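This report concerns side-chain interactions in one protein model. The sequence and structure are shown first, and the description follows.

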Amino acid sequence: QVQLVESGGGLVQPGGSLRLSCAASGSIFSINTMGWYRQAPGKERELVATITNGGNTNYADSVKGRFTISRDNAKNTVYLQMDSLKPEDTAVYYCDAQGVTMDFMDFGSWGQGTQVTVSS
């Protein structure tokens, strides 16, 4: 079993910044890709950003230039630095990790989500 625990959400004014963290724990041999997704009320979950264990990143067009994804492989942790936040960034943000367990089984896990609200 692999568990993901997110932190760092909250309420911020437009133009402000937040930093999300997500730590993976459990029977982990390796983590290939970690990422962030978000879901706004009444909308489908969408990709925000992903990062491979080699450091290759991918961003949704809507967040390019404003958000930065990074990871600490030694800590099995992924971060999302969110700057110049807009009201349309308001959503529940979910962390995702895909990798291999100590039993050499593929896994894919989601965090419980953290609320980000951008409002004045």
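## Salt bridges and aromatic contacts

Asp89 forms a salt bridge with Arg66, with 2.8 Å between the closest N and O atoms; the term denotes a side-chain nitrogen of Lys or Arg within 4 Å of a carboxyl oxygen of Asp or Glu. Because Asp89 lies in the loop between β8 and β9 and Arg66 in the loop between β6 (57-59) and β7 (67-72), the pair ties together parts that are 23 residues apart in sequence. Strands are DSSP runs (E, at least two residues), numbered from the N terminus. Asp89 and Arg66 are both buried, where buried means under 20% relative accessible area, exposed over 50%, and partly exposed in between (1.4 Å probe, protein chains only).

The model is predicted: local features need pLDDT of at least 70, side-chain atom pairs count only at pLDDT 80 or more, and totals for chains, interfaces and linings use all residues. Residues are numbered from 1 along each chain as its sequence is written, and side-chain values use heavy atoms, with hydrogens and water left out.

The count of salt bridges comes to 4. Three pairs are listed below.

| Salt bridge | N to O distance |
|---|---|
| Asp89 and Arg66 | 2.8 Å |
| Asp89 and Arg38 | 2.9 Å |
| Glu46 and Arg38 | 2.7 Å |

Arg38, Glu46, Arg66 and Asp89 are thereby linked in a network of salt bridges. Arg38 is buried, with a relative accessible area of 6%, whereas Glu46 counts as partly exposed at 37%.

The whole structure contains 2 aromatic pairs (ring centres of Phe, Tyr and Trp, the last by its six-membered ring, within 6.5 Å; planes under 30 degrees apart are stacked, over 60 edge-to-face, the rest tilted). In one of them, Tyr37 and Trp110 meet edge-to-face, at 5.1 Å centre to centre and 70° between the planes. This pair joins strand β4 (residues 28-39), which holds Tyr37, to strand β10 (residues 106-110), which holds Trp110, 73 residues apart. Trp110 is partly exposed, at 42% relative accessibility.

Arg45 lies in the loop between β4 and β5 (46-52) and is partly exposed, at 33% relative accessibility. The charged end of Arg45 sits over the ring of Trp110, 4.6 Å from its centre; the criterion is NZ of Lys or CZ of Arg within 6 Å of the ring centre and within 35 degrees of the ring normal. Arg45 also lies over the face of Tyr94, at 3.7 Å from the ring centre.

Note on methods
Helix = DSSP H or I, 4+ residues; strand = E, 2+ residues; numbered from the N terminus.
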